[in-house]
Amino acid sequence: MGYDTLSANDMPPGDPREDSKLLMIARDEDRILLTRDGELARRDQIQALFLNGERLEDQIRQLICASLIIPELRLTRCSVCNNPLIPITEDDFGRLKRKIPDFGTTQEPVLWCRQCTRAYWEGSHTSNMRNRITEISKNDTVLNVTEVERSDDEA
Ligand SMILES: [Zn+2]
């Protein structure tokens with residue numbers, strides 16, 4: 001969705017201070033630490049957010065409700081390595097075309113990641129992702145209505 005992210009999965013395994021390091025990175029880089037670890041989330045309730053749901057859709061909906069993300073697909077960052085995407089030049093295109101096995105003949109990549117050379121373009125995959133985000137957002141609207149109805153009942 002185009003957000004600047006880091007993953008704890010990229011850290012070496014087995015570090016007993018991993019939780020402290022994650023919180024330190026979040027504070028130093030002004031990031032929100034998203035976690036399913038309740039104890040970790042309680043250690044810094046400003047910099048960390050406990051994700052209530054196990055399903056990705058529920059987690060995205062929670063972030064939308066918390067106004068942490070906007071429900072739209074933006075091709076601004078590489079989904080593999082998080083680096084900013086840049087417009088592709090004709091020279092880049094010649095080099096990259098050989099590396100893209102599922103490259104369509106009708107769609108040309110318009111952006112690429114200089115770090116991992118992954119190319120990005122509008123196609124059925126981006127259309128499917130936009131539809132999925134829209135569905136998640138619709139559910140968000142239903143949730144908000146439910147909350148309003150509950151408030152009315154209590155008043
Ligand atoms: Zn990349």
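In this predicted model, the buried residues of helix 3, which spans residues 56–65, are I60, R61, L63 and I64. These four lie on the same side of helix 3, because the arc they cover around the axis is only 160°. Just after helix 3 comes S67, with a positive phi near 55°.

It helps to place this helix in the chain as a whole. The chain holds five helices and five strands, and read from the N terminus its elements follow the order α-β-α-β-α-β-α-β-β-α. Burial is limited to a small share of the chain: 8% of the 155 residues count as buried. As for contacts, among those between residues at least 6 apart in sequence, 44% connect residues at least 24 apart.

Confidence varies along the chain, and a look at it is worthwhile before the details. The mean pLDDT of the chain is 83, and 82% of the residues reach at least 70. Among the elements, strand 1 (residues 33–35) has the highest mean pLDDT, 97, while helix 5 (residues 124–154) has the lowest, 66. Over residues 141–155 pLDDT stays under 50, and for this stretch the model has two contacts beyond four places in sequence. Where pLDDT is low, the predicted coordinates should not be read in detail.

Turning to the strands, an open sheet is formed by three of them, in the order 3-4-5 and with antiparallel pairing. Strand 3 (86–87) and strand 5 (119–120) are the edge strands, each pairing on one side only. Between strand 3 and strand 4 (residues 111–112), two bridges support the antiparallel pairing. One residue pair can be named here: I86 has W112 of strand 4 as its bridge partner. In general, the strands of a sheet pair through backbone hydrogen bonds, in either a parallel or an antiparallel sense.

The loop between helix 3 and strand 3 offers several residues to look at, and S67 is one that sits in this loop. Although S67 is not a glycine, its phi is positive, at about 55°. S67 counts as exposed because it has 7 C-beta neighbours inside 10 Å. N82 also belongs to the loop between helix 3 and strand 3. Here too a residue other than glycine has a positive phi, which for N82 is near 75°. N82 is partly exposed, since 16 other C-beta atoms lie within 10 Å.

V80 is placed in the loop between helix 3 and strand 3 as well. With 11 C-beta neighbours inside 10 Å, V80 is classed as exposed. Beyond its neighbours within four places in sequence, V80 makes contact with C116 and R118. A further relation across the sequence links V80 to C113: the two are 33 residues apart along the chain, and their C-alpha atoms are separated by 9.2 Å.

Earlier in the chain, L49 is part of strand 2 (residues 48–50). L49 counts as partly exposed, because it has 19 C-beta neighbours inside 10 Å, and the cut-off for a buried residue is 20 or more. Setting aside residues up to four places away in sequence, L49 touches I32, L33, L34 and A41. Of these, L33 and L34 fall in strand 1, whose residues are 33–35. L49 can also be related to R36, 13 residues away along the chain, with 8.5 Å between the two C-alpha atoms.

Towards the other end, E135 lies in helix 5, the element with the lowest mean pLDDT. E135 is exposed, with 12 other C-beta atoms within 10 Å; this count sits right at the limit, since a residue is exposed at 12 or fewer. Along the sequence, E135 and P71 are 64 residues apart, yet in space their C-alpha atoms are 9.9 Å apart.

Note on methods
Residues numbered from 1 in each chain as written. Predicted model: local features only at pLDDT ≥ 70, side-chain atom pairs only at ≥ 80, totals over all residues. Pairing = 2+ DSSP bridges. Arc of directions from axis to C-beta. Contact = placed C-beta atoms within 7 Å. pLDDT = per-residue confidence, 0-100.
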